[in-house]
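Here are my notes on the model you sent over. I've set them out as numbered points so you can go through them with the structure open.

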Amino acid sequence: MAHDDLARLRAHVSDAEWQARCDLAALYRLVALYGWDDLIFTHISARVTSKDSWIKGADGTYGPSETDHFLINPYGLFFHEMTASHLVKIDIDGRAVGDNQAMVNPAGFTIHSAIHAAVPQAHFVIHLHTDAMTGVSAQTEGLLPLTQNALLIRPQLAYHDYEGVALDLEERGRIGSDLGGKRFLMLRNHGTLAWGGTAAEAFAAIYFIEQACRQQIAALSAGRAGVLEVGQAVQDKVAPLSQGVAFVGALIWPGLMRRLAREAVGYDS
């Protein structure tokens, strides 16, 4: 973006929105640095309005009001190219609002909008198609209790059956229902997503489920027989620690920002 255009954008958005833009661009760059991107075909989104604007529906659940907006990638830009000013502001149905009318992928936002609507605390949503997460999503048993990372994920993991490319907005209700307020959603035969109240939380969550899936693929590479599962008593012992994403995220985020300052200069422009 040209300097004049950047200055104009910065002058017309709130400090809170600009910070959300910088945090979201940072997530895109980090996903690229860790090798989790899939060309232009996955998405990370952020909600940019206050919690007070969420309204209670007739069914008793909370969702976005008409004034709620979200930030997402312009369709066609690679994750390692993302900057705060490139991000497109959209409404709950994926339609661009404001001056930046760059094309977005409505199918991609179908999944994200379902999470944002179902969980008011889901300020950042990361959806990826890594080989490991997609591989585990296609395994009948899902994520198995094989590793410490898996034990930390499983109490907060839900599943949603594959319904085809997410073009049907009616699927959003089923996604939200399947999530049930949990932190992680494994999209069968497709990939995985995680949400966070902050960018740091979202990154920590997706990092640990990616690790758990990579470790499962490695453990099962020689076959199912002989793989050692952790017993239920130990699973129950570890389960309470599954709530520690916010704490871990806060610890790792400063280091991740230092890495971006070295290796991905300009994401916050």
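**Notes on the model**

1. Overall picture. Of the protein's 269 residues, 49% count as buried. Keep in mind that this is a predicted model. The protein has 9 helices and 9 strands. If you take the contacts between residues at least 6 apart in sequence, 68% of them join residues at least 24 apart.

2. H7 against H9. Start with helix H7 (residues 199-219), which packs on H9 at an angle of about 100 degrees, the two axes being 8 Å apart. An angle from 65 to 115 degrees counts as roughly perpendicular, so that is the label for H7 and H9. On the H7 side, the contact uses Ala199, Ala200, Glu201, Phe203, Ala204, Ala205 and Phe208. H9 brings Val245, Ala246, Val248, Gly249, Ala250, Ile252, Trp253 and Leu256. Sorted by character, the residues of this contact come out as 13 nonpolar, 1 polar and 1 charged.

3. H2 against H9. Helix H9 (residues 245-263) also packs with helix H2 (residues 15-33), here at an angle of about 75 degrees and with the axes 11 Å apart. That makes H2 roughly perpendicular to H9. From H2, the residues in contact are Asp23, Ala26, Leu27, Arg29, Leu30 and Leu33. Their partners on H9 are Trp253, Leu256, Met257, Arg259, Leu260 and Glu263. This contact of H2 with H9 has 8 nonpolar residues, no polar ones and 4 charged ones.

4. The start of H9 and what comes before it. Is phenylalanine 247 buried or exposed? Phenylalanine 247 sits in helix H9, and at a relative accessible area of 59% this residue is exposed. From its C-alpha to that of alanine 200 the distance is 9.3 Å, though the two are 47 residues apart in sequence. Glycine 244 belongs to the loop between helix H8 (232-238) and H9. Glycine 244 is partly exposed, with 26% relative accessibility. Its C-alpha atom is 9.3 Å from that of glutamate 201, a residue 43 positions away along the chain.

5. Aromatic pairs. The structure holds 9 of these. Have a look at tyrosine 28 and phenylalanine 79: their ring centres are 4.7 Å apart and their planes stand at 85 degrees, so this pair is edge-to-face. Which parts of the chain does the pair link? Tyrosine 28 is in helix H2, while phenylalanine 79 is in the loop between strand S4 (70-72) and strand S5 (88-90), and 51 residues separate them. Tyrosine 28 is buried, at 0% relative accessibility. Phenylalanine 79 is buried too, with a relative accessibility of 0%.

6. An aromatic cluster. Ring pairs also join Tyr34, Trp36, Phe203, Tyr207 and Phe208 into a cluster. Two of these names, Phe203 and Phe208, should be familiar from the contact of H7 with H9.

7. Cysteines and disulfides. For the bench, a reminder: a disulfide is a covalent bond between the sulfur atoms of two cysteines. How many disulfides does a search of the whole structure find? The search turns up 0. As for individual cysteines, cysteine 22 is buried, with a relative accessible area of 10%. Cysteine 213 is buried as well, at 0% relative accessibility.

8. Positive phi. Most residues other than glycine have a negative phi. Two residues here are worth checking on that score. Leucine 39 has a positive phi, near 50 degrees, and is placed in the loop between H2 and strand S1 (43-47). With a relative accessible area of 48%, leucine 39 counts as partly exposed. Asparagine 189 also has a positive phi, near 60 degrees. Asparagine 189 falls in the loop between strand S8 (184-187) and strand S9 (191-196), and its relative accessible area of 49% makes this residue partly exposed.

Definitions and conventions:
Residues are numbered from 1 along each chain as its sequence is written. This is a predicted model: local features need pLDDT of at least 70, side-chain atom pairs count only at pLDDT 80 or more; totals for chains, interfaces and linings use all residues. Side-chain values use heavy atoms; hydrogens and water are left out. Axes are lines fitted to C-alpha atoms, for helices over the stretch in contact, and angles run from 0 to 180 degrees between N-to-C directions. Helices (H or I, at least four residues) and strands (E, at least two) are DSSP runs, numbered from the N terminus. Angles under 35 degrees count as roughly parallel, over 145 as roughly antiparallel, 65 to 115 as roughly perpendicular and the rest as oblique. Contact means heavy atoms within 4.5 Å. Ala, Val, Leu, Ile, Met, Phe, Trp, Tyr, Cys and Pro count as nonpolar, Asp, Glu, Lys and Arg as charged, and the others, Gly among them, as polar. A disulfide is a pair of cysteine sulfur atoms within 2.5 Å. Buried means under 20% relative accessible area, exposed over 50%, partly exposed in between (1.4 Å probe, protein chains only). Rings of Phe, Tyr and Trp (its six-membered ring) pair if their centres lie within 6.5 Å; planes under 30 degrees apart count as stacked, over 60 as edge-to-face and the rest as tilted.
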